[in-house]
Every structure is written in C-alpha cells, then in structure tokens.
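Biologist: I would like to go through this model and ask what stands behind each label. Please show me the sequence and the structure first.

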Amino acid sequence: MLFLIIFTLLINTFAIITLTIDKQYQESKTIQKLIQSQYQVIQNIQNATFYFQPFQTDQDKYITVELIFGYPQDGNVNLEFSITKNKENNTSSQNNVFYDMNGKYLYKSYQMIRINPYTFNNNDKFYIDVNILDSSFTDYQYLIKITKNQKRLCPNQCGNQQSGLCNTEIGVCSCNSKFIDLDCSKVAQSLSLKQPLQNIVIKKQEYFYFEREQQISNITLELGLMSSQYKVSDVEVYIMYENFELGLPNHNFYDYYISLSNQSSYSQVLDLQSLIFDSDIDRFQRLLITINSKQPAIIYLSIKISISEGSFDIDSSLVIVYVLVSIAIILLLGWILILIVRYKRSSRVHDESNPIQNPQNNTNNNNRRNQGSLDKKIIDEYMPKLQYFQILEFPQFLELEVQETCSVCLLEYQKYAYCRFTPCNHIFHSDCLEQWIIKHENCPLCRCALDLKTLQELLIQNANITFNSSQQKNLQKKQSTGVQSQLFSNAQTELRMIAPNQMISQ
C-alpha cells in the first residue's frame, strides 16, 4: 500500500498524463496515441492497446518501452506485454512482434521491451498491447515509459550499485553476488563446492545459483527433503543456464527439472560446458536454480565435481590414486624401454669388438658400401679401424681431451671396441662412423667434410703439422743438448782453476 502511495505521488509531482482504460474507452474503439515519453495508466479492462510512431531522427537509436507497476506488487502481476510493428495495416510478421517473456512468466512488476536501431522508419507504427491474464481481475496501475537512446538501457537500471552494474555496450546487467535475474532484482543463495547448504526452508519460492571459479566440466547436484515438522506433498526444482534473455528458470522454460516427494532425495549430473567466461561481465555464466513448494519444506543442497560417463561420481581421493598409479606405470615402462635400447646398443658394440665370434656380422659390415664418393677401401685407408686403447696412444690424443662416449650412439667406449678416428681428430665406433658417412659424408661432431678430396687435404695437412712438430722437437732437443754441453765445459774449466789454488794454499 505504501508503494502505491509513493507511486501516485511521483506521478502527480512530475505532472504525467493519466490514461484511464475502462469500458467507455473500449466502446469508443479508439487506440490511444502516445506522444509523450511517460503516461500513468489505470486499466480497468483486461485488454488495452496504445501506439506510437518514431521520428526520422530516431532511426539510429534504441527504443525502450518499460512498464513499471504500482499495483499489483511484484510476483502478482499476471499479464502479457507485447509490441507489434504495423499491426493495423497487416504488414507485420512474426519477426515484428516483441514480448517480455521473462516478465510474463515471473509475474514481475517491472517489464521491458527493446527495439533495435535501423529496424524501422518514421512511417512505422508500434502497437503496445497489455493483456491481463488474471482470472480474479483487479484494477492495474502502471507507468508506460518510452526512451530513445544511442546506448542500450539495462533492465530497471540493474536495481542499484548494490545489486549490479549495467554494461551499456550490450545492455546486460552484471549482477553482484547474492543477486540474479535480468534486472538483478531477485535475492539468491550461492552454492559452493566446499560447503553444502542444509536446513534450507522453502516457504513458497527460493532461488539459488552456482558460479564456477575454474574450468569444471561436470558437477553433481544432490538435493533432498530433510525431516521436518512440515508435511510436504511436492517440491519442484527448475534448473537453467544463465542466458541474459530469460532471467530465471520456471515451469515454462528450464534445462533440467526435478520433482521431490516426501522424504525423498535426488542426484543429477549437470554439464557445465555451455557456461563460458563472459568478458563483458567479467565472470563465468551461472547455473540458476528455482525451487517451488506449495507447502513449507526443509531441504538440503550440495554440489560435487563429477566425471560422468553415465550418472556416476568418482571420489577426488580415488582420482589422485589413479593418477599416481598411472604415472608409476608410465615411468616403469619408460625405464624398461631404456634398458632394452641400451642392451641392444651394448650388444652391437660387443659384437664389433669380437669380430671372430660373429663372422656373419663381419660379412654384413664388409658388404656395406658408401653411397657417395667413399667406399670401404678408402675409409680403411684414411680412417683405419683400430681398437680404442690403440687410438689413445697416438700423439695427438695424448695432448687433446679424450672422448669417452661415441657422439653417434652416445655409448661409452670399451677398451677393446673397434673404433675409427677422423682426420679432424674425433673418435667414433667403427660401425657408427660407417653408417653415418653413408648418409652424410661429414664429421658427426664438428661437421667437417669427409669426402675423398677433403680427406686427402686433411691427411697432407696433418702430416705437415706432424713433420713440423717433429722438426721443432728435434731442434729443441739439439738446443737443449748444446746448452748442457756448454754448461759441462764451463764446469770443468772452473774445476781446473780451483784445484791449483787449493794446492798453493796448502
């Protein structure tokens, strides 16, 4: 009653025109043209029709028509609010009829229809129909408000900053926690994975929502009746994905439906794939739940993460065990595979180091031929096959840092394994180097070319380096010998001079 008094005072304060739609108005068969932006309407008959015409300058604007009810109150408004373009001349089609289905099915005291820009011109007429569906018909009082704006208006301005914020780019309300519906007008309880809700009293209708904070594919919703003093005949549960077109789930639109009878419980797996992160409202879309009960009821609600192939849940502790066991099996298989590979490579190197014991292997090695400019004879001439310990006795390897593993097979050298060393002074298993040269003709380690011409040049260059090094060592040896001879001669002379002096002194 207080709301109705305030509503009437506001109408009178701003001198808004009052339209009375009664039987006399109906008998005149006139349709009221709306010229101003706001009208107070007192409707005493079930059907009322108005119309308005946009101007040419309104084509690039959003036209928003709002119904704000003073009586009856929210939850008791039972009517159908629609707008039809060019209804009178029969040029309208199904696409030219607009409804507020959310307001109709939720019996809301605020209803809104938005018409997009560039969908009309100045010759079009828009007819507003307000058809009261209440069988126990009473007088309806409401405000018609027509707004033309470059930006989209949000429903009911999203309540206030406590309820939600309006995104004018898309005309959608971003509801704060504990508020839902298109205009953030309904108070709802949040469902959490960590904390179930128990002893929730449903007197007539209550709202709940779940908003995920991470990428969860499925959840299991468990709910049921608890022991209470109330005798419950039936509890209906409607579940819907938030879509910003229909505010709350109800008996006319929903994605899941659950019916509970006395002392019963129910479990439902819910797919959350369609609830995406919406950057416009900076959060995930919500799962909305409406619970209706004709008589008071006490219920419990809980949500768990589930992995569903049918309708079953896997406990989180079991998931951890399965993951750990799977990792252990993968590591074991990987270790076995490594042992097999190392065994095969070791066997190959062992066979190569004992050529007499495996003549067939020797025959296969001798039959290999370089597909490029080299053949087995040239490889043996410039890079002879020697045992590993023999190669280490060469002068150049006494001064260089010795390779302990073959760069081709990555296995360590055995003392008696047959190997080859390249003119660039790198050691490899004999078989490894032969297979490599067949495909590449370069050093596996430094990529120095190993074709016939390069081998000849490197051999001459190494020979010259070896000769010069030998000459230098001989020269150093002669110089050292000469110095020693001179020192010995000087020592003898000094002795001769010392001996007579000693005799004289005596």
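**Labels and their cut-offs**

Biologist: Why does lysine 186 count as buried?

Modeller: Its relative accessibility is 9%. Buried means under 20% relative accessible area, exposed means over 50%, and partly exposed is in between, with a 1.4 Å probe and protein chains only. The value of 9% falls under 20%, so lysine 186 is buried. The model is predicted, so local features need pLDDT of at least 70, side-chain atom pairs count only at pLDDT 80 or more, and totals for chains, interfaces and linings use all residues. Residues are numbered from 1 along each chain as its sequence is written, and side-chain values use heavy atoms, without hydrogens and water.

Biologist: What makes aspartate 74 partly exposed?

Modeller: Aspartate 74 has 41% relative accessibility, which lies in between the two limits, so partly exposed is the right label.

Biologist: How do you know that aspartate 74 and lysine 186 form a salt bridge?

Modeller: Their closest N and O atoms are 3.7 Å apart. A salt bridge needs a side-chain nitrogen of Lys or Arg within 4 Å of a carboxyl oxygen of Asp or Glu, so this pair qualifies. The pair links distant parts of the chain, 112 residues apart: aspartate 74 is in the loop between β5 (62–71) and β6 (79–85), and lysine 186 is in strand β14 (residues 186–187). Strands (E, at least two residues) and helices (H or I, at least four) are DSSP runs, numbered from the N terminus.

Biologist: Which parts does the salt bridge of aspartate 183 and lysine 108 tie together?

Modeller: These two side chains meet at 3.0 Å, N to O. Aspartate 183 lies in the loop between β13 (179–180) and β14, and lysine 108 in the loop between α3 (101–105) and β8 (110–115), so the bridge ties together parts that are 75 residues apart in sequence. Both aspartate 183 and lysine 108 are buried. Salt bridges with shared partners join Asp74, Lys108, Asp181, Asp183 and Lys186 into one network. The structure holds twelve salt bridges.

Biologist: Why is the link between cysteine 154 and cysteine 166 called a disulfide?

Modeller: Their sulfur atoms are 2.0 Å apart. A disulfide is a pair of cysteine sulfur atoms within 2.5 Å, so the name applies. Cysteine 154 lies in the loop between β10 (140–149) and β11 (164–167) and cysteine 166 in strand β11, so the link ties together parts twelve residues apart in sequence. Cysteine 154, at 3% relative accessibility, is buried, whereas cysteine 166, at 35%, is partly exposed.

Biologist: Is the disulfide of cysteine 158 and cysteine 173 left-handed or right-handed?

Modeller: The torsion about its S-S bond is about -90 degrees, so this disulfide is left-handed. With 80 degrees about the S-S bond, the link of cysteine 154 and cysteine 166 is right-handed.

Biologist: How many disulfides are there by this rule?

Modeller: The count comes to three. One of them joins cysteine 175 and cysteine 184, with sulfur atoms 2.1 Å apart. In sequence order, the bonded cysteines pair as 1-3, 2-4, 5-6.

Biologist: Why is there no bond at the sulfur of cysteine 406?

Modeller: The closest cysteine sulfur, in cysteine 409, is 3.9 Å away, too far for a bond. Likewise, the sulfur of cysteine 443 is 3.7 Å from the closest one, in cysteine 446, and that is also too far. Cysteine 406 is buried, with 0% relative accessibility, and cysteine 443 is buried, with a relative accessible area of 0%.
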